[in-house]
Amino acid sequence: MLVLTCLLPFAALGANARYQLDPIHTRVVFAIEHAGFSKALGAISGSEGVLEFDPADWSNARLDVVVPIARLDLGDDKWNQATLARNLLDGQHHPQARFVSSRVEPIDATHARVYGQLTLRGVTREVVLEVTLNALKRHPLPPFRRTAGFSASAVLSRADFGIDAWKSVIGDQVELRIEAEAVRDGNAQAPAAPQPGDNTQQPSTDADLQDAADAALKAATETDHHP
């Protein structure tokens, strides 16, 4: 999902500059159809990543972002549990998504199209982000570091990532909106993505999470607590 997903090699940031994604001021918002009545809205905070720029040659830019799927929030505990259940996002075994850029198509001075590989629930597909550079300047608050701010959007199919449960209730098209800030940091390091089965982002045991998910899905059937 997303990510991510919102740092672009199209601004004059200086040769070979490295920027660290600010997890506090970065958020991924998603929307998905709920039985045709409305679009359920959720958000994920805490994304981490690194961007490498050479403004003289944008083709050499690299973006690597990890999004903590296990931290998603739909505004309701039962919705959260159902969405992270094994037949949907499987947050126990796949607590993170990862986006790695492959190429960028500049549109103008503040807009670009970013292509990259998104890995979600163990499946990797190409995703295209429509990105706007909002600002690139010295931050007005301490420690006054050079900061880049971006907005981005994308649309993906959940079925493309093997997430096809609840077809009669949950839409296939997922709309993403990303707001992000990145701070210049020559020592920035890309976060390590977990190996399959790594549950370090989920303190509960697999059995505990599945029990909670089963209960959530039962409640969803009886009281509309599905996503």
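Below are short exercises on a predicted model, each with a worked solution.

The model is predicted: local features need pLDDT of at least 70, side-chain atom pairs count only at pLDDT 80 or more, and totals for chains, interfaces and linings use all residues. Residues are numbered from 1 along each chain as its sequence is written, and side-chain values use heavy atoms, with hydrogens and water left out.

**Exercise 1.** Find which residues have the most contacts inside the largest nonpolar core.

Solution. Start with the term. A nonpolar core is a set of buried Ala, Val, Leu, Ile, Met, Phe, Trp, Tyr and Cys residues joined through side-chain atoms within 4.5 Å. Buried means under 20% relative accessible area, exposed over 50%, and partly exposed in between (1.4 Å probe, protein chains only). The largest core has 43 residues. Ile69, Leu72, Leu129 and Leu176 have the most contacts inside it. Next, look at strand S10, residues 170–184. Strands (E, at least two residues) are DSSP runs, numbered from the N terminus. S10 gives the most to this core: six residues.

**Exercise 2.** Decide whether strand S1 is enclosed or not, and name the bridge partner of Leu21.

Solution. S1 covers residues 17–21. Four of its five residues are buried, so the strand is largely enclosed by the rest of the structure. Now turn to pairing. Two strands pair if DSSP finds at least two bridges between them. S1 and S10 run antiparallel and are joined by three bridges. Leu21 has Ala182 in S10 as its bridge partner.

**Exercise 3.** Trace the pairing of S6 with strands S5 and S7.

Solution. Take S5 (residues 62–67) and S6 (residues 97–108). They pair in the antiparallel sense over four bridges. Val65 stands opposite Phe99 in S6. Then move to S7, residues 111–120. S6 and S7 also pair antiparallel, over nine bridges. Asp108 stands opposite His111 in S7. A hairpin through two residues joins S6 to S7.

**Exercise 4.** Place Phe37 and state if it is buried or exposed.

Solution. Phe37 lies in the loop between strand S2 (27–34) and strand S3 (38–45). Its relative accessibility is 72%, so Phe37 counts as exposed. Finally, compare sequence with space. Phe37 and Val169 are 132 residues apart in sequence, and their C-alpha atoms are 9.7 Å apart.
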